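Hi,

Here is the structure I promised to send over. Have a look at it first, and then read my notes below.

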2 protein chains.
Amino acid sequence: MNIGQAAAASGISAKMLRYYEEIGLMPRAGRSPAGYRRYTEADVQTLRFIRRGRDLGLSLERIRLLVGLWHDRDRSSADVKRIALEHVAELDGRIAELTAMRDRLRALAGSCHGDQHPDCPILEELETGRPAAAGPRGRARRAVPAAAPAG
Amino acid sequence: MNIGQAAAASGISAKMLRYYEEIGLMPRAGRSPAGYRRYTEADVQTLRFIRRGRDLGLSLERIRLLVGLWHDRDRSSADVKRIALEHVAELDGRIAELTAMRDRLRALAGSCHGDQHPDCPILEELETGRPAAAGPRGRARRAVPAAAPAG
DNA sequence: GATGGGGCTTCCCATCATGGGAGGGTCAAG
DNA sequence: CTTGACCCTCCCATGATGGGAAGCCCCATC
């Protein structure tokens with residue numbers, strides 16, 4: 001199989017196949033007399049393993065470890081599980097961060113009129129670091145009553 | 001103010017101050033006779049604005065737009081709000097992705113014994129792309145590529 | 001005046017995973 | 001023999017940030 005076929009069969013671009021070889025995630029592929037990389041079915045299976053790992057958000061470093069364990073008959077499932085749970089913990093952290101950002105920004109956007117006037121609590125908070133005080137815009141409306149489910 | 005003071009006052013590293021200048025996010029700073037960058041209080045306020053934007057996860061490109069609106073007396077808050085909501089939408093998407101990954105990986109980890117045996121549904125799913133069938137624990141279990149009897 | 005330490009300058013490199021493209025060789029079909 | 005698809009290597013770019021080298025500047029202390 002040439003690199004194009006292996007790429008199509010695994011769902012990983014040819015570019016990445018070469019890169020994975022370069023960083024040692026994949027073993028060096030065999031070569032045709034003309035220098036073309038040749039891939040076996042086993043290679044493709046490893047590539048699919050890698051792609052599924054990427055689909056789960058795993059870093060190539062963690063995938064490298066998992067491939068090693070996969071090929072190790074004497075592995076302990078505890079090692080595999082530990083790697084998975086480390087990644088779960090990182091995902092949790094990242095999700096918490098992003099969620100906090102989203103909630104804060106969504107609340108700010110919720111209190112912004114979004115009309116043709118320049119007044120904007122989003123800019124005010126970016127400027128001052130403090131929540132914008134309800135200003136004298138139009139008829140004294142405070143920053144949106146409890147109705148807004150933004151949070 | 002030299003770059004170090006501006007960095008300390010804004011919470012952005014000196015390295016980043018130079019970078020923001022290079023990409024045109026900050027105007028070119030004035031220079032002392034010796035070539036040192038000089039920063040004003042107004043510069044520091046802009047830098048703090050930028051930092052707060054970064055704290056909300058905004059890209060430097062979006063921050064650039066927001067800084068422009070901030071300095072534009074004729075802005076419409078609608079423009080600001082639109083940018084904010086675009087970012088909220090991206091955060092939502094990213095959060096959904098990460099959450100899906102986390103849930104899937106957590107479920108896999110939950111079904112892994114995590115002991116000294118090699119059997120591991122995490123590796124099985126990475127290998128086959130299908131949830132591992134609950135099988136007999138111990139012996140006769142091949143988890144190495146080559147001859148996958150998955151027919 | 002000399003010296004030392006810390007701050008500043010520019011320039012280059014690294015991250016992480018991926019894509020784009022140039023310039024050139026190879027292969028299979030017409 | 002030509003054509004077009006494929007492959008090769010090498011370089012560059014992304015986004016935001018950090019690290020570090022080599023060299024200049026400033027100030028305080030001796």
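A term to start with: I call a pair of N or O atoms within 3.5 Å a polar contact; within protein, one must be able to donate a hydrogen and the other to accept it, and residues adjacent in sequence count only if both atoms are side-chain atoms. One such pair joins the side chain of A:Arg54 to a sugar or linking oxygen of DNA strand C, at 3.0 Å.

Some housekeeping: this is a predicted model, where local features need pLDDT of at least 70, side-chain atom pairs count only at pLDDT 80 or more, and totals for chains, interfaces and linings use all residues. Residues are numbered from 1 along each chain as its sequence is written, chains are lettered from A and ligands numbered from 1 in the order in which they are written, and side-chain values use heavy atoms, with hydrogens and water left out.

Back to the DNA. Phosphate oxygens of strand C also have partners: one is 2.8 Å from a side-chain N or O atom of A:Tyr20, and one is 2.8 Å from a polar side-chain atom of B:Arg18. Two elements each give two or more residues to the surface near the strand, helix H2 (14–22) of chain A and helix H1 (3–10) of chain B. (Helices are DSSP runs of H or I, at least four residues, and strands are runs of E, at least two, numbered from the N terminus; "near" means a heavy atom within 4 Å.) H2(A) has the largest share, with four residues.

How many residues surround DNA strand C? There are 18, and A:Lys15 and B:Tyr36 are among the closest. Of the strand C atoms that come within 4 Å of the protein, 63% belong to sugar and phosphate.

Next, the two chains. A turn of 180° with a shift of 0.0 Å along the axis lays chain B on chain A with an RMSD of 0.1 Å (least squares on C-alpha atoms of residues with pLDDT of at least 70 in both). That is the relation of a two-fold axis. In chain B, B:Ile95 has the C-alpha nearest the axis, 2.9 Å from it.

Finally, H1(B). Its buried residues (under 20% relative accessible area, 1.4 Å probe, protein chains only) are B:Ile3, B:Ala6, B:Ala7 and B:Ser10. They sit on the same side of H1(B) because they cover an arc of only 100° around the axis, taken from the directions from the helix axis to the C-beta atoms. Just after H1(B), B:Gly11 has a positive phi of about 80°.

Cheers

Definitions and conventions:
Buried means under 20% relative accessible area, exposed over 50%, partly exposed in between (1.4 Å probe, protein chains only).
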